[in-house]
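Student: Got a minute to go through this one with me? I'd like to take it piece by piece.
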Amino acid sequence: MSRISRSLLIKKVIKPFLFRLAGKPGWLSPIHALPGGIFPAPNKQVSLQQKIVGMPSAQLAMPSQLILPLKQHQGDDAVPVVRPGQYVYKRQLIAAASGHGSVNLHAPTSGLITAIDHQLAAVNTRPQPGRPWQQSIDPRQTAIVIKTDGNDLTDPELPLPPLSITPWQQRPTDQLRQAVFDAGICGLGGAGFPTAIKLSASSIKTLIINGAECEPYITADEALMREYADEIVEGSQIIQTIIGAQDCVIGIEENKHEAIKAIQSAIAGLEAANPVSGLSVVKLVLVPAIYPSGGEKQLIRIVTGIQPMSGQRPSDVGVLCHSVATARAVFKAITDGEPLISRVTTVTGSALRNPVNVEVLIGTPVSHLLQFAGFDSSALERLLVGGPLMGYAVDDLETPVLKTSNCLLAASQQDIQSVEASSIPHRDCIRCDFCAPVCPVKLQPQTLYFSSRHQRHDSAVKNGILDCIECGACAAVCPSHIPLVAYYRDEKALIHEEADCGESSRWQALFEKHQQRQADNVVAVQQRKLEKLQHKLVSIAEGENPGKEPVVESGSPVSHKSAEQIKREIEAAVARTRARKAELLSKADANKDGGQ
Amino acid sequence: MTHNQHRISSPYIKPASTVSGVMATVLLALIPAAICYTWFFGIGFLINLAITSVCGLLIEALVMRARGRPVFFYIGDLSMLVTAVLLSFALPPSSPWWLAASGIFIAGVFGKHVFGGLGHNVFNPAALAYVSLLVMFPLHMTGWYLPGSGSYAEALIDPLSAFGIYTSLQLSFPFLREMALTPFAVVPDGFATATPLIEYKFAAPARILMAEDEGFSIWDRQARTGWEMLALSFAAGGLILLWQRVISWHIPVTVIGTVLLLSSLFYQPGQEAIVGSPWLHLFSTSTMIGAFFIATDPASSPSSAAGKLIYGVLIGTVMYSIRIWGSYLDSVALSILLVNMCSPLIDEWTVRTHLGQLRVRKKSP
């Protein structure tokens, strides 16, 4: 338990409270304790030794080609609006948003389109592909490929965006929101939810800018806050204006001292610049450095004390959360008109000689960045996109950097569990209960594990598997080395599959059965009638009296008719019944066809 | 499911602990008690420990082989050694070798593997084995030597003298006596002295406490009861476990707290021999090993914090009741076994309410 100690009351409650009493800046607003959490070794210093490296710069050349998947966000694919062989300028729209939750895609640099249907190799290969809720890009992703010409030309005819001429404060919010949509911005923190959709939420009280980058190794946001604090703070104000939030809070982990200082001075500078601004000032809140305090719902809980219910979005409870990288992207889109064509990504890991933060063009192949950071392929154990707790493994070094890739971790055996060690079977659960105290959602991971392992969906749902954020804290402390998150993901996938098709097909089948039964019933009734009539007919033909003797004698209408008459009537009835039956049968057949 | 083979998704971080690490911590936490036990009761404990460990590992290997599992992988979790050590503490130091061997057989096979192995056991294996032995071999299991009782046996088991060691060996391996190697004339068959927990449950310890009031020193092996030092060393080991976060505070605190509360409530000065004083209940019996090492067995105890509190209170209550009003000899193992049976039910009752869960149960229309 030395490397990942379990959460301590002191760090979560007592220290913040004392700092607040003492009036330490940043601690002034009350924060709320997060249940659970772990303290993994941060390993962040290595990539913060130098400043952010720009992409076409003296140190780092442009890659020869950029691979831009059409889907780098949650939602529908963007649709290419260029053709192969076309020359595109930097910032030119190459794929337009289409459908629900889609975002635009722009050319990060000038060059020739060489393909618009490039098939990417499968990433993070899974036994059962096609699960969009898993955190990785889908296998067989279609991408646009640009062969860069190195000139980095902007279209000379591209008009300057109007917003860069007029200050954003004087623009209507609809225009600002449209500008964010046009810039193709999606959440840069990892989930990739389209920012424009988030910005159209109404009745938001608190806007939280997430600077609590809690996962080990990742320093992209921290570096950004150190160097572009002004842009982040102004971007936060733009977002606040668009959604009309009363408060704007930047939450930073308390151990990021330089970033805190930079943000503080940026806020002070902003206050000095517009002393009578109609907006409330941006507030800085320090949060305890616990993994996963930077999770969306976790940060909301720490800062506001509000816990969104299961299935609720934060916007349903009047809170909105954006990462600092998104705030800066919004700032650039509004003031400069620059669409989202680059992002800051941490390139780190023990397999690199020179870990660094890079402002990288979207679509840059990973190998290009690794080369730059001094890649030692012999030491590489796994290449992860994202951190060691929530990232996904990549086999193909030509995988592009996406809008959501905040870190490339070229991990050696020092950083992560070795492939060899992780491929031996895990031990059985000893029910040690190390996992429950670290769960930030207060789940009971071992119960979920048993439910998932035995695929007891009811029990899994009842115990809250759908509220699991897959942070991996439970698996990180598990002494039996059970890949708990993998079990949960599979179980979630099965539950979703069942909900998607299982449930509807079950009802469909029940309905069809019901219809079939009804049709059969009607046919059977007609059949019985027919048999009865035929029986009568036969008995008349044999010369017997139809009906019972006493009925005939009492003078019923039958007795007045001749046998011939009765025979004719019965034949007519048989014909009618036959016709009816045939009709019903054909109807039932038609129903069956329709059902299928 | 294929996860038994490959860790295919995040997290990729190195796990913080291993099962063998946890078990090794438990073993380390038992070292003070082992030293204390040997010092007061002779090397009979070490002999028992050697027998249970070797037999336990053999049994584990055979069962794993029979179940078609990798043998060394499963022996490596050290859980069998923990069971062996705990069982050795429960065995009388002067018991013959086959008592220890059959005990560890019961613990390994009937306590653990019939339920599916480590983590699936319903009962604590050591407690189950101890109670089974108590039922099957009551005479052998009650042959405790009582230190400080002034009996002749005292000198015989001194772990620092050759005579004491030899006596212990002979008691464990009776066939040694048949050989013509006996350098000493008188070697007893066993000791039939009073234990702290037979019918005169508290009579003997009470006598010792009275003797202590007359001016005996704690550190004097001849005068002080070994039970108390042993209980204190178990408590020290338990604190190591708490500090290393191998166990949570819930079970030990509630077990000890309940016993303390009940014994204080029912305490009558001058009646130590019948109801016992709180001190006697906590430190002259096996309450400490039960509270810190046996009841906290994760597999057979409830998993949620609230469940652990209920579990601990139940164990404490049952333990005290058996001691005062029951007629069985050992209350700790029996009460833990009884309450072990309740832990699945307790787990059902105390399902953790997770964050974001809609609390509709109370407000259902």
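Student: How is chain A split up by the domain assignment?

Tutor: Keep in mind that this is a predicted model. The assignment gives domain 1 of chain A as 5-151 + 164-385, domain 2 as 425-482 and domain 3 as 496-595.

Student: OK, and what separates the centres of domain 1 and domain 2 of chain A?

Tutor: Taken over C-alpha atoms, 29 Å lie between those two centres. Domain 1 of chain A puts 13 residues into the contact and domain 2 of chain A puts in 12.

Student: What classes of residue does domain 1 of chain A use on the side that touches domain 2?

Tutor: That side has six nonpolar residues, six polar ones and one charged.

Student: Switching to strands. What's the order in the open sheet of four strands in chain A?

Tutor: S3-S9-S8-S5, with antiparallel pairing. The edges are S3 (65-69) and S5 (87-88) of chain A, each of which pairs on one side only.

Student: How many bridges link S3(A) and S9(A)?

Tutor: Five, in the antiparallel sense, with S9(A) covering residues 142-148. As an example, Leu66(A) has Ile146(A) in S9(A) as its bridge partner.

Student: And S11(A), why is that one largely enclosed?

Tutor: Strand S11 of chain A runs over residues 247-253, and six of its seven residues are buried, so the rest of the structure largely encloses it.

Student: Which way does S10(A) pair with S11(A), parallel or antiparallel?

Tutor: Parallel, over six bridges, with S10(A) at residues 206-211. Within that pairing, Gly211(A) has Ile252(A) in S11(A) as its bridge partner.

Student: What about S11(A) and S12(A), in what sense do they pair?

Tutor: Parallel as well, over six bridges, and S12(A) spans residues 282-287. There, Glu253(A) sits opposite Val287(A) of S12(A).

Student: Now chain B. How many helices and strands does its secondary structure come to?

Tutor: Chain B has 18 helices and zero strands. Of its 365 residues, 51% count as buried. Looking at chain B contacts between residues at least 6 apart in sequence, 74% join residues at least 24 apart.

Student: How many residues of each chain are in contact across A and B?

Tutor: 55 residues of chain A contact 39 residues of chain B. Elements giving two or more residues to the chain A side include strand S16 (382-385), helix H12 (445-453) and helix H15 (484-541).

Student: Which element gives the largest share there?

Tutor: H15(A), with five residues. By class, the chain A side divides into 28 nonpolar, 14 polar and 13 charged residues.

How values were computed
Residues numbered from 1 in each chain as written. Chains lettered and ligands numbered in written order. Predicted model: local features only at pLDDT ≥ 70, side-chain atom pairs only at ≥ 80, totals over all residues. Buried ≥ 20, exposed ≤ 12 C-beta atoms within 10 Å, placed from the backbone. Contact = placed C-beta atoms within 7 Å. Nonpolar A, V, L, I, M, F, W, Y, C, P; charged D, E, K, R; others polar. Domains from an automatic or database assignment. Pairing = 2+ DSSP bridges.
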